Amino acid sequence: MSRPSLAPHVLVVEDEPAQREMLAYNLEAEGFRVTQASDGDEGLAALRDDPPDVLVLDWMLPGVSGIEICRRLRARPETRALPVIMLSARSEEVDRVRGLEIGADDYVTKPYAVAELLARVRAQLRRVRPSTVGQVLEYADITLDSETHRVTRDGKVLKLGPTEFRLLAVLMEKPGRVWSREQLLDRVWGRDIFVDTRTVDVHVGRLRKALMAEGGGDPLRTVRGAGYALG
């Protein structure tokens, strides 16, 4: 069985086994879900099959290079915003600039301190999945605190089940974005658990009821044929 699906997912593409295993071990110890790849082709397959929240990518890889992978990611609309942390033994400023110019969000020179790299991963997550790093999310009069597992609306505490809480957290991270039922299944329930897409409708209904229990209009939007959105 997979980790809870709200656990942030990090893909590590690194051809040096010792470094890859060490980094994966420390990320998992911090609560991340980790996928590993040992070369560029394996990394591209992992990106396609199980898209991560953050990509930790070595510059020099067998097969497709890290630079080429980053270039391809930035050329595709669906992966253009994926946070990429580039790892490299190249410490010259010209190399760092090149890495950032082709689309890396951060550049870490080897050898690196694991604690620093973990901090950089969290920094990227604060941008794309703030609820996973304990940030309080707010939308209109709704507040979600992922650390205390508490949701309030207009200052009144709401009673949400664990699935409804995870569903709301996903929707609140990107207000206005329309999520398909399949995307919500992957994010809220996880890829390793079989759940019918109609289950999403049931839990959205429960979430709606909970959000309006203390008054206020319906903040959720149903987009026919597409999915659901907050706002």
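The overall architecture of the chain is described below, followed by the setting of one residue, Asp-50.

The structure is a predicted model. The protein chain contains eight helices and 11 strands. Its radius of gyration is 19 Å, close to the 17 Å that the globule rule gives for 231 residues, and the chain is therefore as compact as a globular protein of that length. Along the principal axes, the C-alpha atoms occupy a box of roughly 60 × 35 × 35 Å.

Among contacts with a separation of 6 or more in the protein chain, 57% are made by residues 24 or more positions apart. Of the 231 residues, 48% count as buried. The area exposed by the protein chain is about 11500 Å², and 49% of that area is supplied by carbon and sulfur atoms. With respect to charge, the protein chain carries 34 positive and 36 negative side chains; the centres of these two sets are 6 Å apart.

At the level of individual residues, Asp-50 was examined in its local context. This residue is located in the loop that connects α2, spanning residues 40-49, with β3, spanning residues 54-58. The relative accessibility of Asp-50 is 16%, and because buried means under 20%, the residue is classed as buried. The side chain of Asp-50 also forms a polar contact with the side chain of Arg-33, at 2.8 Å. Asp-50 thus combines a loop position with a buried classification and a polar contact between side chains.

Definitions and conventions:
Residues are numbered from 1 along each chain as its sequence is written. This is a predicted model: local features need pLDDT of at least 70, side-chain atom pairs count only at pLDDT 80 or more; totals for chains, interfaces and linings use all residues. Side-chain values use heavy atoms; hydrogens and water are left out. Helices (H or I, at least four residues) and strands (E, at least two) are DSSP runs, numbered from the N terminus. Buried means under 20% relative accessible area, exposed over 50%, partly exposed in between (1.4 Å probe, protein chains only). A polar contact is a pair of N or O atoms within 3.5 Å; within protein, one must be able to donate a hydrogen and the other to accept it, and residues adjacent in sequence count only if both atoms are side-chain atoms. The radius of gyration is taken over C-alpha atoms; the globule rule is 2.2 Å times the number of residues to the power 0.38. Contact means heavy atoms within 4.5 Å. Accessible areas come from the Shrake-Rupley method with a 1.4 Å probe; for residues, only the protein chains shown count as cover. Lys and Arg count as positive and Asp and Glu as negative; His and the chain ends are not counted. The place of a charge is taken as NZ of Lys, CZ of Arg, CG of Asp or CD of Glu.
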